[in-house]
Amino acid sequence: FIPVSPEALEDCHFKGGKDMLSLYVNNFPETEIFDGKGLAVGGSYQLNENDPSASSYYGDVSAVIMQNLPPWAEFIRTPSLDTALMNNWEEKIEKLAQETSHVNVTSLSGVPTWTVLLIQRILQMQNKKDISEIWPNLEVFFHGAVAFKPYQKLFDTLIPSSHMHYWETYNASEGFFGIQDQKDSDELLLMLDYGIFYEFIPMDEYEKENPKAVRLSGVELNKNYAMVISTNAGLWRYNIGDTVKFTSISPYRIKITGRTKHFMNAFGEEVIVENAEAAITKA
């Protein structure tokens with residue numbers, strides 16, 4: 001369980017959503033994204049049965065965000081909140097497909113694995129070959145949580161549209177960390193004003209008993225680091241388990257290279273998830 005406080009929602013997650021839209025519009029000023037609805041495929045949300053006061057809830061961070069969205073954001077999203085927050089995944093996919101197949105969806109957001117299942121189910125229900133026949137004005141998929149490259153060709157098949165864009169984010173239950181800010185690059189701009197203090201442990205220090213951490217001012221380009229965060233939600237020097245490398249320090253841009261538990265360096269080979277995913281994509 002990771003704490004998600006009102007401060008974290010307002011100063012981090014909602015801010016991240018607004019910045020994500022702003023950066024996208026800045027890159028594509030001709031966008032018509034706001035002429036339709038945004039479809040977010042998220043998780044579930046329920047009352048915390050272990051809380052005697054019955055005043056707290058738990059769920060996937062995507063669901064917590066949807067439950068607490070400001071009115072302006074609620075106005076431009078689909079499906080209904082009841083459907084979006086359902087627990088049973090099989091029933092949820094059916095309801096999502098039924099509710100959204102006749103809506104003018106202009107943007108998708110979510111995890112690629114979940115989103116693929118929804119698109120495939122809608123195509124099956126409507127007996128169509130590609131989603132452009134159902135959502136002709138769909139123009140962007142805001143994605144995160146897993147590497148997108150292994151799914152790129154599948155999405156290209158399901159959405160064979162020349163004006164379709166894919167926009168990456170780096171967000172998690174612990175916070176919203178980075179957003180793609182350039183249309184021709186998959187680097188992520190590290191967001192520094194979201195109530196998060198960053199530290200970075202070089203991976204050659206990681207297994208040591210007392211590993212040395214560096215602040216942003218001490219990072220080096222193209223070096224793998226474990227990311228450690230302190231947040232306004234109450235996490236203190238929390239190791240989120242991801243490894244990143246900096247591709248730019250003015251501004252600070254990063255790429256996610258994998259997970260600390262998937263980092264192997266027994267004989268100096270430095271095998272990381274990024275390499276494995278590149279190999280899978282090529283294969």
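**Exercise 1. Classify the lining of the second largest pocket in this predicted model, and state which elements contribute to the lining.**

Solution.
Step 1. The lining residues of the second largest pocket divide into nine nonpolar, five polar and one charged. The model in which they are counted is predicted.
Step 2. The lining comprises 15 residues, and those nearest the centre of the pocket are Ile 2, Val 4, Tyr 57, Tyr 58 and Gly 59.
Step 3. Two elements, β3 (57-59) and α2 (61-67), each provide at least two residues of this lining. The largest share belongs to β3, with three residues.
Step 4. The space in the second largest pocket amounts to about 390 Å³.

**Exercise 2. Describe the largest cavity by volume, lining and residue class.**

Solution.
Step 1. One cavity of 30 Å³ or more is present in the structure.
Step 2. The volume of the largest cavity is about 50 Å³.
Step 3. Its lining includes Pro 3, Ala 8 and Cys 12, together with Ser 173, Glu 174 and Gly 175. Also among the lining residues are Tyr 194, Ile 196, Thr 231, Asn 232, Ala 233 and Leu 235.
Step 4. By class, the lining of the largest cavity consists of seven nonpolar residues, four polar residues and one charged residue.

**Exercise 3. Locate the cis peptide bonds at Pro 79 and Pro 251, and give omega for each.**

Solution.
Step 1. As a general expectation, most peptide bonds are trans.
Step 2. Thr 78 and Pro 79 are joined by a cis peptide bond with omega of about 5°. Pro 79 is situated in the loop between β4 (77-78) and α4 (81-84).
Step 3. Ser 250 and Pro 251 are likewise joined by a cis peptide bond, for which omega is about 5°. Pro 251 belongs to the loop between β12 (238-249) and β13 (252-259).

**Exercise 4. For Asn 127 and Asn 222, determine the sign of phi, the position in the chain and whether each residue is buried or exposed.**

Solution.
Step 1. Most residues other than glycine have a negative phi.
Step 2. Asn 127, which is not a glycine, has a positive phi near 55°. Asn 127 is placed in the loop between α6 (112-126) and β6 (140-143).
Step 3. The relative accessibility of Asn 127 is 70%, and the cut-off for exposed is over 50%; Asn 127 is therefore classed as exposed.
Step 4. Asn 222 also has a positive phi, of about 55°, without being a glycine. The loop that holds Asn 222 runs between β10 (196-202) and β11 (225-231).
Step 5. With a relative accessible area of 59%, Asn 222 is exposed.

**Exercise 5. Trace the pairing of β13 with β9 and with β12, naming a bridge partner in each case.**

Solution.
Step 1. Strand β9 (residues 188-190) is joined to β13 by two bridges, and the two strands run antiparallel. Within this pairing, Leu 188 stands opposite Ile 254 of β13.
Step 2. β12 and β13 also run antiparallel, and seven bridges join them. Ile 249 has Tyr 252 in β13 as its bridge partner.
Step 3. The connection from β12 to β13 is a hairpin through two residues. The loop between these strands contains Pro 251, the residue that follows Ser 250 across a cis peptide bond.

Note on methods
Residues are numbered from 1 along each chain as its sequence is written. This is a predicted model: local features need pLDDT of at least 70, side-chain atom pairs count only at pLDDT 80 or more; totals for chains, interfaces and linings use all residues. Side-chain values use heavy atoms; hydrogens and water are left out. On a 1 Å grid over the protein atoms alone, a cavity is a set of points where a 1.4 Å probe fits but cannot get out, and a pocket is an open set with protein on both sides within 12 Å along at least five of seven lines; lining residues have an atom within 4 Å of a point. Grid points are joined across faces, edges and corners, and a volume is the space filled by probe spheres set on the points. Helices (H or I, at least four residues) and strands (E, at least two) are DSSP runs, numbered from the N terminus. Ala, Val, Leu, Ile, Met, Phe, Trp, Tyr, Cys and Pro count as nonpolar, Asp, Glu, Lys and Arg as charged, and the others, Gly among them, as polar. Buried means under 20% relative accessible area, exposed over 50%, partly exposed in between (1.4 Å probe, protein chains only). Two strands pair if DSSP finds at least two bridges between them.
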